[in-house]
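Me: I would like to learn how to read strand pairing and loop contacts from a model. Can you take me through an example?

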Amino acid sequence: MKITLNKDKETVRLIKEGLKERGGYCPCRREKTEDNKCMCKEFREQIKDPEFEGFCHCMLYYKEK
């Protein structure tokens, strides 16, 4: 298993900018809850799934099997 940043540098820049503006909360979600703090609960759970391969919700991180 390997977690990497999106290869699209512009996407990474925009998401990181949004994270900074929102105090570390996912810019793709409205609610500021602990579940939406980057790295979000949804992606942490996907990481645990050995069959999951893909991007997190905001497309910042990618998990390879």
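Reply: We take the sheet, then a helix, then one loop residue, in what is a predicted model.

Me: In what order do the three strands lie in the sheet?

Reply: Strand order is read across the sheet, not along the chain. Here the open sheet has the order 1-3-2, with antiparallel pairing. Strand 1 and strand 2 are at the edges with a single partner strand each, so each has one side without a neighbour in the sheet.

Me: How many bridges join strand 1 to strand 3?

Reply: Pairing is read from bridges between residues. Residues 2–5 of strand 1 and 61–64 of strand 3 are held in register by four bridges; Lys-2, for instance, has Glu-64 as its bridge partner. Strand 2, residues 54–55, is joined to strand 3 by two bridges, and Phe-55 stands opposite Tyr-62.

Me: What links strand 2 and strand 3?

Reply: They form a hairpin with five residues between them, and Met-59 in that turn has a positive phi of about 75 degrees.

Me: Which strands does helix 2 lie across?

Reply: Helix 2 lies across strand 1, strand 2 and strand 3, and runs at about 15 degrees to strand 3.

Me: Is Lys-37 buried, partly exposed or exposed?

Reply: Exposure is judged from relative accessibility, with the partly exposed class lying between 20% and 50%. Lys-37 has 29%, so it counts as partly exposed. This residue is in the loop between helix 1 (9–21) and helix 2 (41–48).

Me: Which residues does Lys-37 touch, leaving out those up to four places away in sequence?

Reply: Lys-37 touches Gly-23, Gly-24, Tyr-25 and Arg-44. Gly-24 is 13 residues away along the chain, yet the two C-alpha atoms are separated by 5.8 Å.

Conventions: Residues numbered from 1 in each chain as written. Predicted model: local features only at pLDDT ≥ 70, side-chain atom pairs only at ≥ 80, totals over all residues. Heavy atoms only, no water. Pairing = 2+ DSSP bridges. Buried < 20%, exposed > 50% of the residue type's maximum accessible area, 1.4 Å probe, protein only. Contact = heavy atoms within 4.5 Å. Axes fitted to C-alpha atoms, helices over the stretch in contact; angles between N-to-C directions.
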